[in-house]
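Please read the following account with the sequence and the model side by side, moving from single residues to the whole protein. Each paragraph takes up one place in the structure.

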Amino acid sequence: MVLTIRRKILKYCFRAVLSLQSPPQQRFQGTEGVHDTNLPLLRKVWTWTTMESDCSMDVNMENPNFQNASVEEPLNQILGDENIHSQNCGTTRAGSGETVIEEGSTKIIFPSANEVFYNPVQEFNRDLTCAVVTEFARMQLAKKGIEVSIPGEEPLSRVVVDLGETPKKDQEAILGEKLPFTTVGEKCEEGLRILEGLAASGLRSIRFAKEVPGVHSIIANDFSSKAVDLISRNVRFNGVEHLVTPSLSDARMLMYGHRETKERFDVIDLDPYGSPSVFLDAAVQAVNDGGLLCVTCTDMAVMAGNSGETCYSKYGAMSIKAKFCHEMALRIILHSLDLRANCYQRYIVPLLSISADFYIRVFVRVFTGQAKVKSSASKQALVYNCAGCGTFHLQRMGKMTSHGSNFKYSAGSGPPVGMSCEHCQQKHQLGGPIWAESIHSPDFVEKVLTAIGRNPKRYKTAGRMQGMLSMVMEELCDVPLYYTLDHLSSTIHCNTPPMLQFTSAILHAGYRVSLSHACKNAIKTDAPPMIIWDIMRCWEKNNPVKRERLSESSPAYLILHNEPSLQACFDVREDANPKSRKQGLKRFQENPEANWGPRARAKIGGGISKSLEEKRKLHQNKRKEHGESEARLKNIPCKKFKQGNCTLGDSCSYSHYEGGARWALKPNHIDNSKAGPTEEPHCQDAVQPPSTLEPPVTQ
């Protein structure tokens, strides 16, 4: 269905007026260039074109995109007609090749092509962010005497406080006084100013507008014009134009432009594709004093030790491959945030830091204070990790000592270890610096957990959020990093002890212990490494290994060679089992869908590259299709055989033949493998492979 003639005339007339009165950079972007003298003309044009118009003629039926719909948005502002959108039976709707995605209380239009990034697996991330920002808004508005009202939330019982010498009549007046309140979907003049630096489809910003109370304004920014067009459509589709403003800009330049105190944001959300390192410097400057900074990192391969040099270049810390890599990744990003904030006499206070699925997510508050910045060095630490047994030690970068009301700051002393590990005589790996203080605020986490319990139907992933936050509450706040039971047992080649028995042994020894949300088999404890290995020695006596098979230089032999100085007790204690485990809470998410995980980066034109599709098919269901995988490898040329290095012969998983003949070998190379089906000689005169063949894959 096409546009009517009258609506076409309206569109062209309105664009002509805009082009005459507005500078080029403002054309079709708003009404700043339209003078009041043109309003009567526009009203006459609008009246003439809408006489006897048919409501079924939608301006978006010809081409449902932002460019058509943007013509009516200035009319709505100029003519003051609030019913223009309703009169046109909805100016934004899903077109061909688009789907409507529902999440929380929000519905967004999303293109089927991969032009704008969206990952449904991160719904837990978005739900948790809405819950955290809601409690932060409640906390900030309470200081201004404004209450927060959330639909469906059970009210808390009001506590009557004895006001002492205050007369009874005044007490009743104070208790009966109704404080001003704000609810979701309303603009609060004293509310939060929120920036989503990399908004993509705008889903998170729209959810803030529809689910977080006490919001003043939200800027949904993206560097892609297609993403901003989609954000504008989704904003109108959800009716949150009064709160959400789409922005097409570089997120760094946008944040650098809001460094002044009066222009800073109360909340900045950064959820980039990959590393957020390039945005951190601008973010710590653009957030308000005491504001909230939310950061997501999905480059876990770098932060977990696969590329320590890359991690150092991005975050200023060396990552190492260790079992505690997921918590170390959290502490690396916190170190990087605090380091960059210190450059501007600012420091961070972590509220919540989680490792979930394939990413990490941190929520920190940023404050300004030169005196507190001086203590930042004492909050960072280097990590000495034994390459043999996995024992780790921390070395603080600085030292802070108190002298009455004054503090003295000095360099840390160390190292805490010798040239080799005292347990297995292996070398140490050096990692860090990392954040060595608490990564959570128990008081704030408890508020978020309580709010979720008062309104459990508000979030789809509420069950997992309750389980995750309950584990966070049970973690030892002052104990960095953790051990894993499977690594401890594999080091000495013994059976893995049950979780409750091992934690009970630590409690019987007089030390504290807890689990970790970052790993199922993790043990966080303040017990020294000697106590941990004494408990493992005692467990090995009850479950002996064949020591005659151990090499005298192996970590297992050197650890078991010493007698334990502690006689461990493995009787299960009641306090060894945490409440979240007793209640059976959903602490770790199962695979939400097939092929879940990080999605392909959005690109112009959409779609996924052919090589990526082939790579996914090649790596999916490896174990299920083991026989088929071997048969498929026989169709791939053997690179080592072509180079003259393959000595496997016919037992090689890859093919030594192409087009009925063997690959040509290097000169003077003699192949000792058996002759193949063609019985052709292994010489230089063998048939050469076609030049159009793809290069053989690496074995």
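In this predicted model, asparagine 234 sits in helix α8, the helix that covers residues 225-238. Its relative accessible area is 0%, and because buried is the word for residues under 20%, asparagine 234 counts as buried. A polar atom of the asparagine 234 side chain lies 2.6 Å from the backbone nitrogen of isoleucine 109. Isoleucine 109 is also among the residues that asparagine 234 contacts once its neighbours within four places in sequence are set aside, and the others are Ile108, Ser201 and Ile206.

A second residue worth finding is valine 383, which belongs to strand β12, made up of residues 380-386. Valine 383, too, has a relative accessible area of 0% and is therefore buried by the cut-off of under 20%. Which residues does valine 383 contact, leaving aside its neighbours within four places in sequence? On the N-terminal side of valine 383 in the numbering they are Ile320, Phe324 and Met328, while at higher numbers they are Phe392, His393, Leu394, Gln429, Leu430, Gly431, Ile434 and Leu481. Glycine 432 gives a further point of reference, since the C-alpha atoms of valine 383 and glycine 432 are 5.8 Å apart in space although 49 residues separate the two in sequence.

The interior can also be examined for empty space, and a search of the whole structure finds four cavities of 30 Å³ or more. The second largest cavity holds about 40 Å³ of space, and the residues that line this cavity are Arg331, Ser438, Ile439, His440, Glu475, Leu476, Cys477, Val479 and Lys524. By character, the lining of the second largest cavity divides into four nonpolar residues, two polar residues and three charged residues.

Stepping back to the protein as a whole, one can trace 24 helices and 21 strands. The protein has 699 residues, of which 48% count as buried, and asparagine 234 and valine 383 are examples of buried residues. Among the contacts between residues at least 6 apart in sequence, 68% join residues that are at least 24 apart. As for the outside, the protein exposes about 35300 Å², and carbon and sulfur atoms supply 51% of that area.

Notes
Residues numbered from 1 in each chain as written. Predicted model: local features only at pLDDT ≥ 70, side-chain atom pairs only at ≥ 80, totals over all residues. Heavy atoms only, no water. 1 Å grid on protein atoms, 1.4 Å probe; cavity = no way out; pocket = protein on both sides within 12 Å on 5 of 7 lines; lining within 4 Å. Points joined across faces, edges and corners; volume = space filled by probe spheres on them. Nonpolar A, V, L, I, M, F, W, Y, C, P; charged D, E, K, R; others polar. Helix = DSSP H or I, 4+ residues; strand = E, 2+ residues; numbered from the N terminus. Buried < 20%, exposed > 50% of the residue type's maximum accessible area, 1.4 Å probe, protein only. Polar contact = N/O pair within 3.5 Å; in protein donor to acceptor, adjacent residues only side chain to side chain. Contact = heavy atoms within 4.5 Å. Areas by Shrake-Rupley, 256 points an atom, 1.4 Å probe, with all protein chains shown as cover.
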